[in-house]
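The following paragraphs lead the reader through a single protein structure, from its general makeup to its interior. Please keep the sequence and the structure in view while reading.

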Amino acid sequence: MTYLSRIRINPLRAESRVLLANPRAMHAAVVGGIPGSPEGERVLWRLDADNPHRPYVFVLTRSKPDWTHVVEKAGWPDAEGEHAAVRDYTPLLDQIATGREFAFRLTANPVQNTQNPAKPTPAQAARIADDSDGKRRRGFRMAHRTAAAQLDWFLTRTERWGFDIPVSRTDAPAPGLAQTTADSGPGAEKRAWEPNPAREVRITAHRRHSFTKNGKGPRVTFHSVTFEGRLRVTNPAAFTTRLLEGIGPAKAYGCGLLTLAPLRGQNG
């Protein structure tokens, strides 16, 4: 069985500030809610902080979790209301069918792999310089920095994820965003653009994360992007797999969880 949880976070508490600022700390708190050993279980989570005064954490688990420790340290343990809602995910999975449409939200880590970064960091430059034996080296994972490149990363992968993004019913294409791209060179963020109909997707948040593991060692840095819009299921099996296993890298740090909501006027 699979469960989707929604946990209320009190941003004014000291423990909350640690969790909200450090994805590694939040990951540890999430894993702490799974009974027994969490090894071998895919856990997906996402922080939604649209309202900075009342952020929520969504968590998808195979085991039924207990969020008492999070509520007591980072929530409102003595206040009224549902502090940690845990719902069976099966009813939603039963609705997945070809042609079915949903509103969606996804926070992801859009990246590309390249052999030759346009602007390598000192560490990357040193690795390139040391790699003089002529063998093909492992590529560098580089973040997409522009909104256009991030949307392109998303839209060019939806088919393999089992869904597509319908053409917008009312909105005109946003300048520079609703386009089809072509690479202008290895590892380049600069793009060549061709007009394309606007799609029912938009970027609603972008954040750069940087932290150290256990307060020491090299820094972990990555970018997260939140996409929202409307999708249509094209391959139920592939789509269900992405719902349960996540999308893209950095899943331990709050990326990859795709959540759905019914569209107005759609039954079921």
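How many helices and strands are there in the protein? There are eight helices and 13 strands. The model is a predicted one. Of the 268 residues of the protein, 43% count as buried. Contacts also reach across the sequence: among those between residues at least 6 apart, 73% join residues at least 24 apart.

A suitable place to begin is an open sheet of four strands. Its order is β2-β3-β1-β4, and the pairing is antiparallel. The strands β2 and β4 (84-88) stand at the edges with a single partner strand each, so one side of each is left without a neighbour in the sheet. On average, and with direction ignored, neighbouring strands of this sheet are turned by 15° against each other.

Within this sheet, β3 (56-61) deserves a closer reading. Strand β1 (residues 3-8) pairs with β3 in the antiparallel sense over six bridges, and S5 stands opposite V59 in β3. The pairing of β2 with β3 is likewise antiparallel and runs over five bridges. Here L44 stands opposite L60, while W45 stands opposite V59.

Is β3 mostly covered or mostly open? It is mostly covered, as six of its six residues are buried. In a regular strand, the side chains alternate between the two faces of the sheet. In β3, the buried residues Y56, F58 and L60 lie on one side, and the buried residues V57, V59 and T61 lie on the other, which leaves both faces covered.

The discussion now turns to a helix and the loop before it. N22 is found in the loop between α1 (14-21) and α2 (23-31). At the start of α2, a side-chain oxygen of N22 reaches to within 2.8 Å of the backbone nitrogen of R24. N22 also has partners that are remote in sequence: leaving aside residues up to four places away, N22 touches F211 and T212. The C-alpha atoms of N22 and S210 are separated by 8.1 Å, although these residues are 188 residues apart along the chain.

Which residues of α2 are buried? They are P23, M26, A29 and V30. These residues cover an arc of only 120° around the axis, which puts them on the same side of α2. An α-helix has 3.6 residues a turn, so residues three or four places apart point the same way. What covers the buried residues of α2 includes α1, β2 (44-48), β3, α3 (68-74), β11 (201-213) and β12 (216-233). Strands β2 and β3 of the open sheet are thus among the elements that cover this helix.

It remains to consider the nonpolar interior. The largest nonpolar core has 30 residues, and those with the most contacts inside it are F104, F154, F227, L231, F239, L258 and L260. At least two residues of this core come from each of β3, β5 (101-108), α6 (147-155), β12, α8 (236-245) and β13 (258-261). F239 touches I96, W161, G162, F163, L231, V233, L258 and L260, not counting residues up to four places away in sequence. Apart from the largest core lies another, of 15 residues, among them W45, V59, V70 and A74. Two of the residues named there, W45 and V59, are the pair that stand opposite each other across β2 and β3.

Key:
Residues are numbered from 1 along each chain as its sequence is written. This is a predicted model: local features need pLDDT of at least 70, side-chain atom pairs count only at pLDDT 80 or more; totals for chains, interfaces and linings use all residues. Side-chain values use heavy atoms; hydrogens and water are left out. Contact means heavy atoms within 4.5 Å. Buried means under 20% relative accessible area, exposed over 50%, partly exposed in between (1.4 Å probe, protein chains only). The arc is that of the directions from the helix axis to the C-beta atoms. A polar contact is a pair of N or O atoms within 3.5 Å; within protein, one must be able to donate a hydrogen and the other to accept it, and residues adjacent in sequence count only if both atoms are side-chain atoms. Two strands pair if DSSP finds at least two bridges between them. A nonpolar core is a set of buried Ala, Val, Leu, Ile, Met, Phe, Trp, Tyr and Cys residues joined through side-chain atoms within 4.5 Å. Axes are lines fitted to C-alpha atoms, for helices over the stretch in contact, and angles run from 0 to 180 degrees between N-to-C directions.
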